[in-house]
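Visitor: Got a minute? I'd like to walk through this one with you.
Guide: Sure. Let's pull it up.

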Amino acid sequence: MIKGLYVHVPFCNNPCHYCDFAKARFNYGLAVRYLDELERELEGIGQDSFETIYIGGGTPTALPHELLERLLKMLSRFSFAQEYTIEINPESFDLDKALLMQKYGINRASIGIQSFNEGLLNEMGRSHSNLDTINAMYYLDKAGIKNRSIDLMYGFRSQTMEMLENDLQTAVNMDITHISIYELEVHPDTILGMKGYQLADDEIRYQMYCRIRDFLNEHSYRQYEVSNFCLAHHESRHNMIYWHYEDYYGAGLAASGKIGNERYDNTRNFIEYLKGNHRDSVVRLGREDLRFEAIMMGLRLIEGINIAKYDERYSCQMLKHYRKAIEKNVSEGLLEVSDGYLRTTSDGMLVLNDILVDFMSWL
Ligand code: SF4
């Protein structure tokens with residue numbers, strides 16, 4: 001069974017300066033055509049029930065009320081067992097949209113906040129204020145959507161440790177169950193990239209990451225993945241499907257899916273998508289690809305990878321198969337093997353890409 005369904009809504013009100021996601025400025029006519037085509041793509045999905053559904057973007061709430069309702073109605077043919085999440089942005093959210101979400105059974109909201117410092121929000125190119133965030137929380141209260149995650153960011157040059165701590169303190173004072181906090185990356189085709197923006201120094205970003213980890217863990221938000229923290233039992237179940245390397249459908253512009261030993265990526269090209277040419281590529285994963293990708297995803301989790309389950313699922317003995325990479329990284333304090341799990345240590349989380357290179361090169 002395919003466990004998750006991801007649906008992409010590629011519209012935003014304004015492009016954020018750091019963003020390289022597949023999106024376009026909202027345009028009514030384009031959004032109608034997009035939903036027509038998305039509906040066609042969804043009709044091709046041969047399964048009606050999932051554990052989780054996730055509507056992401058872009059900004060799903062950039063859709064006006066009637067188009068958001070059309071999207072939710074279209075998705076109502078799918079049922080979910082555990083979690084139905086939608087991403088919202090405070091500036092494009094109101095009580096009517098919150099009540100619509102309630103009507104269609106959405107039980108989790110992921111709110112794009114990024115910071116509570118309005119100067120920094122301005123530098124990011126975000127178009128909401130703290131008042132918009134307070135209102136968004138109020139609308140979610142009214143709709144009874146209690147399972148809420150927020151996104152924060154760090155690594156901006158103008159961001160001081162004090163500003164970051166204020167963001168963390170404000171976050172833990174809110175009525176939220178989950179916090180995702182991402183380090184800024186500057187991609188060449190973003191506004192920051194085109195301006196030649198320089199990140200904060202490596203040492204400062206390292207100190208910020210450590211502070212985030214300590215602060216949130218001290219305030220009951222347990223780290224369970226490189227960038228994700230939650231109150232007990234509030235992990236993102238949808239994202240856990242990715243990290244456990246389970247199967248999922250992705251629908252919409254630039255969405256990806258994994259079904260058995262095939263991974264696909266939809267096109268990022270609007271024109272091609274609207275013509276019905278949804279797929280950009282389909283990759284057939286060989287036995288070694290599956291084994292490696294399961295390691296790559298599982299090592300992001302603090303709990304790590306259950307060795308017995310891995311061995312059974314991939315018909316190999318992980319500790320023997322990857323012996324060199326595991327021994328080297330265990331001896332350097334970056335990985336550990338205990339209680340039947342292979343997991344990344346807190347130092348290892350900082351150099352996860354380097355660890356994965358060892359797994360790739362030493363087979
Ligand atoms: S960060 Fe989110 S809201 Fe901002 S442009 Fe990217 S997708 Fe849109």
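**Core, ligand and cysteines**

Visitor: Let's start inside. Which residues does Leu38 touch, leaving out those up to four places away in sequence?
Guide: This is a predicted model, to be clear. Leu38 touches Val7, Leu71, Met74, Ala251, Gly252 and Tyr273, with residues up to four places away in sequence not counted.

Visitor: And which members of the largest nonpolar core touch the most other members?
Guide: Leu38, Leu71, Ile150, Leu299 and Phe359 do, in a core of 105 residues. Helix α2, residues 65–75, gives the largest share of this core, with six residues.

Visitor: Where does this core lie relative to domain 1 and domain 2?
Guide: Between them, because domain 1 (4–241) and domain 2 (304–363) both give residues to this core.

Visitor: How many residues are in the other core?
Guide: Twelve, among them Cys19, Leu120, Met153 and Leu192. That core lies apart from the largest one.

Visitor: Switching to the ligand. What surrounds it?
Guide: Cys12, Asn14, Pro15, Cys16, Tyr18, Cys19, Phe21, Lys23, Gly58, Thr59, Asn89 and Arg126.

Visitor: How does that shell divide into nonpolar, polar and charged?
Guide: Six nonpolar, four polar and two charged.

Visitor: Cys16 is in that list. Buried or exposed?
Guide: Cys16 is buried, since its relative accessible area is 12% and the cut-off is under 20%.

Visitor: How many disulfides does the structure hold?
Guide: Zero.

Visitor: Why no bond for Cys230?
Guide: The closest cysteine sulfur, in Cys210, is 20 Å from the sulfur of Cys230, so that is too far for a bond. A disulfide needs the two sulfur atoms within 2.5 Å. Cys230 is also buried, at 0% relative accessibility.

Visitor: New topic: Thr190. Where is it?
Guide: Thr190 sits in the loop between β8 (178–183) and α7 (191–194). Thr190 counts as buried, at 2% relative accessibility.

Visitor: What does Thr190 touch, beyond residues up to four places away in sequence?
Guide: His17, Tyr18, Cys19 and Asp20. Tyr18 and Cys19 also belong to the residues around the ligand.

Visitor: Last one, Leu356. Which helix?
Guide: Helix α16, residues 352–361. Leu356 is buried, at 8% relative accessibility.

Visitor: And which residues does Leu356 touch, leaving out those up to four places away in sequence?
Guide: Phe292, Ile295, Met296 and Leu299. Phe292 is 64 residues from Leu356 along the chain, with 8.7 Å between their C-alpha atoms. Leu299 came up earlier, among the core residues that touch the most other members.

Key
Residues numbered from 1 in each chain as written. Predicted model: local features only at pLDDT ≥ 70, side-chain atom pairs only at ≥ 80, totals over all residues. Heavy atoms only, no water. Core = buried A, V, L, I, M, F, W, Y, C linked by side-chain atoms within 4.5 Å. Buried < 20%, exposed > 50% of the residue type's maximum accessible area, 1.4 Å probe, protein only. Helix = DSSP H or I, 4+ residues; strand = E, 2+ residues; numbered from the N terminus. Domains from an automatic or database assignment. Contact = heavy atoms within 4.5 Å. Near = heavy atom within 4 Å. Nonpolar A, V, L, I, M, F, W, Y, C, P; charged D, E, K, R; others polar.
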